[in-house]
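Me: I have a protein model open and would like to walk through it slowly. Could you help me make sense of what I am looking at?

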Amino acid sequence: MGENTYLWIEDYLDLTIQEAKKSFDSGNFPVGAVLIDDNGKLIDSAHNLMLSKQSRVLHAEMNLIIKNQLILYENPDKYTLYSSLEPCLMCMGTAIINKIFRFVWAINDSWAGASNIYSMKSPYFSCYEINIVDSPSIALMKESRKLIVEWLKLNRPDLLLKMFV
Ligand SMILES: [Zn+2]
């Protein structure tokens, strides 16, 4: 185990929340993501930049995958993607196409989360295997939710009751 190697899912999810705080501090919707290899080494991290870059596709997971296109292309089924929030359809699809081995998130998103859609298993998605893991940590769920609720109160109060039902 070398530098930047962690052992627990909670450690990785905690890193996603640190990234989500960067989003929050820059006015963006607070979501963070980290990429971990099959030895537990931190490869890279990213956060949501939609508002500051005025783009609807710059979700944390998209930024992370795009930054690491080449290593994902060369090493299929080797990386785990951790996110502070359940991925949307775009991010889930992008992770599957890029052969992410496992996707773990801190908190479910009943408004835009894609795990329900993925479970329908279209013929296309059935070609790929991705291991989806819900958060093992109530404390991290609460921390991620607190950031998102604070942001929604400031920016999108209409979504407060839609995201966490
Ligand atoms: Zn997304």
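Me: Which way round is the β-α-β unit made by β3, α5 and β4, right-handed or left-handed?

Reply: In this predicted model, β3, α5 and β4 together make a right-handed β-α-β unit. The two strands of that unit, β3 and β4, pair in the parallel sense over 4 bridges, and within that pairing L81 stands opposite F103 in β4.

Me: And what does β4 pair with besides β3, is there a β5?

Reply: There is a strand β5, covering residues 131-133, and β4 pairs with β5 in the parallel sense over 3 bridges. F103 appears here too, since it stands opposite I132 in β5.

Me: OK, so what is the order of the strands in the open sheet?

Reply: The sheet is open and has 5 strands in the order β2-β1-β3-β4-β5, with mixed pairing. β2 and β5 stand at the edges and each has a single partner strand, so one side of each is left without a neighbour in the sheet. From one strand to the next, the twist averages 15°.

Me: Where does the antiparallel part come in?

Reply: It comes from β1 and β2, which pair in the antiparallel sense over 5 bridges. One example of a bridge there is V34, whose partner in β2 is S45. As background, strands of a sheet pair through backbone hydrogen bonds, and the pairing may be parallel or antiparallel.

Me: Which strands of the sheet does α3 touch?

Reply: α3 packs on the sheet and touches β1, β2 and β3, and its direction makes about 135° with that of β2. This helix is mostly covered, with 6 of its 8 residues buried, namely A60, E61, M62, N63, L64 and I65. What covers those buried residues includes α1, β1, β2 (42-47), α4 (69-74), β3 and α5.

Me: Switching to the inside, which residues touch the most other members of the largest nonpolar core?

Reply: That core has 37 residues, and L81 and Y82 are the ones that touch the most other members. At least two core residues each come from α1 (9-25), β1 (32-36), α3 (60-67), β3 (80-83), α5 (89-97), β4 (102-105) and α8 (138-155). The element that gives the most is α1, with 6 residues.

Me: What exactly does L81 touch?

Reply: Leaving aside residues up to four places away in sequence, L81 touches A33, L35, E61, L64, A95, I100 and F103. F103 is also the residue that L81 stands opposite in β4, and E61 and L64 are among the buried residues of α3.

Me: How do α1 and α8 sit relative to each other, what angle do they cross at?

Reply: Two packed helices are described by the angle between their axes and the distance between the axes. Here the axes of α1 and α8 come within 10 Å and cross at roughly 10°. Angles under 35 degrees count as roughly parallel, so α1 is roughly parallel to α8. On the α1 side the contact is made by E10, L13, D14, I17, A20, K21 and F24, while α8 contributes L140, E143, S144, L147 and W151.

Me: Now the loops: which residues have a positive phi without being glycine?

Reply: Q54 is one of them, with phi near 50°, and K99 is another, with phi near 60°. For context, most residues other than glycine have a negative phi. Q54 is found in the loop between α2 (50-53) and α3, while K99 lies in the loop between α5 and β4.

Me: Why does Q54 count as exposed and K99 as partly exposed?

Reply: Q54 counts as exposed because it has 8 other C-beta atoms within 10 Å, and the cut-off for exposed is 12 or fewer. K99 has 16 C-beta neighbours inside 10 Å, so it counts as partly exposed.

Me: One last spot, where is N108?

Reply: N108 lies in the loop between β4 and α6 (115-118), and it is partly exposed, with 18 other C-beta atoms within 10 Å. Although N108 and M163 are 55 residues apart along the chain, their C-alpha atoms are separated by 8.5 Å.

Me: And for the chain as a whole, how many helices and strands are there?

Reply: The protein chain has 9 helices and 5 strands, and 36% of its 165 residues count as buried. Among contacts between residues at least 6 apart in sequence, 59% join residues at least 24 apart.

Technical notes. Residues numbered from 1 in each chain as written. Predicted model: local features only at pLDDT ≥ 70, side-chain atom pairs only at ≥ 80, totals over all residues. Core = buried A, V, L, I, M, F, W, Y, C linked by C-beta atoms within 7 Å. Buried ≥ 20, exposed ≤ 12 C-beta atoms within 10 Å, placed from the backbone. Contact = placed C-beta atoms within 7 Å. Pairing = 2+ DSSP bridges. Right-handed = clockwise from strand over helix to strand, strands pointing away. Axes fitted to C-alpha atoms, helices over the stretch in contact; angles between N-to-C directions. Parallel < 35°, antiparallel > 145°, perpendicular 65-115°, else oblique.
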